[in-house]
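Hello,

Here is the structure I promised to pass on to you. Please open it next to this message, and I will walk you through what turned up.

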Amino acid sequence: QVQLVESGGGLVQAGGSLRLSCAVSGGPFSINSVGWYRQAPGKQRDWVALVTKDSSASYAESVKGRFTISWDNAKNTVYLQMNSLKPEDTAVYYCKTLGPIVVWGQGTQVTVSS
């Protein structure tokens, strides 16, 4: 079965950078799209970015120009490069497949200090 394993979260100062990784394994499925989501304490889970296997990418307005999503097909890994981080980016970040089945990762904590 499909499994997502996330890594790369941590503590960083405002203005710094982090790169999150989402390793996709299992099958035999053909995953076409993977998204990143985040959830801050006491808030709902919000969409952050989406990438397709042919490298088409889209972003939430709040992160556009600062975050970059990419998919390394050879490594079966989706990345989220986060630059110019702000305290309001603090949240648990999750990756998720969009099809043919929906699978969530376990989440990784990102904390941005002021």
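How many of the seven residues of strand E4 are buried? The answer is six, so to speak of E4 (residues 33-39) as mostly covered is fair. Before I go on, please keep in mind that this is a predicted model, and that every value below was computed from it.

**The chain as a whole**

The chain holds ten strands and zero helices. Read along the sequence, the pattern is therefore β-β-β-β-β-β-β-β-β-β, with strands defined as DSSP runs. The C-alpha trace spans about 45 × 25 × 20 Å along its principal axes. For 114 residues, a compact globule would have a radius of gyration near 13 Å, and the chain agrees, because its own value is 13 Å.

Of the 114 residues, 41% are buried. The accessible surface is about 6,000 Å², and carbon and sulfur atoms contribute 49% of that. If you count contacts between residues with a separation of 6 or more, 53% of them link residues 24 or more positions apart.

**The six-stranded sheet**

Six strands form an open sheet in the order E2-E10-E9-E4-E5-E6, and the pairing is mixed. Its edges are strand E2 (10-13) and strand E6 (57-59), each of which pairs on one side only. From one strand to the next, the twist averages 25 degrees.

E4 is a good place to start looking at the pairing. With E9, E4 pairs in the antiparallel sense over seven bridges. With E5, E4 is joined by six bridges, and these two strands also run antiparallel. Val34 shows both sides: its bridge partner in E5 is Val51, while its bridge partner in E9 is Thr97. E4 and E5 form a hairpin with six residues between the strands, where Gly42 takes a positive phi near 75 degrees.

Moving on towards the edge, strand E5 (residues 46-52) is joined to E6 by three bridges, again antiparallel. Here Ala49 has Tyr59 in E6 as its bridge partner.

**Two residues to click on**

The first is Thr97, in strand E9 (residues 91-99). Is Thr97 buried or exposed? Its relative accessibility is 0%, so Thr97 counts as buried. What does its side chain reach? One target is the backbone oxygen of Ile101, at 2.7 Å. The Thr97 side chain also reaches the backbone nitrogen of Val103, at 2.9 Å. Leaving aside residues up to four places away in sequence, Thr97 touches Val2, Leu4, Ile31, Ser33, Val102 and Val103.

The other is Tyr79, which you will find in strand E8 (residues 77-82). Tyr79 has a relative accessible area of 15%, and because the cut-off for buried is under 20%, Tyr79 falls on the buried side. With residues up to four places away again left out, Tyr79 touches Arg19, Leu20, Ser21, Trp36, Thr68, Ile69, Ser70 and Asp72. Where does Ala23 sit relative to Tyr79? The two are 56 residues apart along the chain, and their C-alpha atoms are separated by 8.7 Å.

Happy browsing, and write back with any questions.

Best wishes

Note on methods. Residues numbered from 1 in each chain as written. Predicted model: local features only at pLDDT ≥ 70, side-chain atom pairs only at ≥ 80, totals over all residues. Heavy atoms only, no water. Pairing = 2+ DSSP bridges. Helix = DSSP H or I, 4+ residues; strand = E, 2+ residues; numbered from the N terminus. Axes fitted to C-alpha atoms, helices over the stretch in contact; angles between N-to-C directions. Rg over C-alpha atoms; globule rule 2.2 N^0.38 Å. Buried < 20%, exposed > 50% of the residue type's maximum accessible area, 1.4 Å probe, protein only. Contact = heavy atoms within 4.5 Å. Areas by Shrake-Rupley, 256 points an atom, 1.4 Å probe, with all protein chains shown as cover. Polar contact = N/O pair within 3.5 Å; in protein donor to acceptor, adjacent residues only side chain to side chain.
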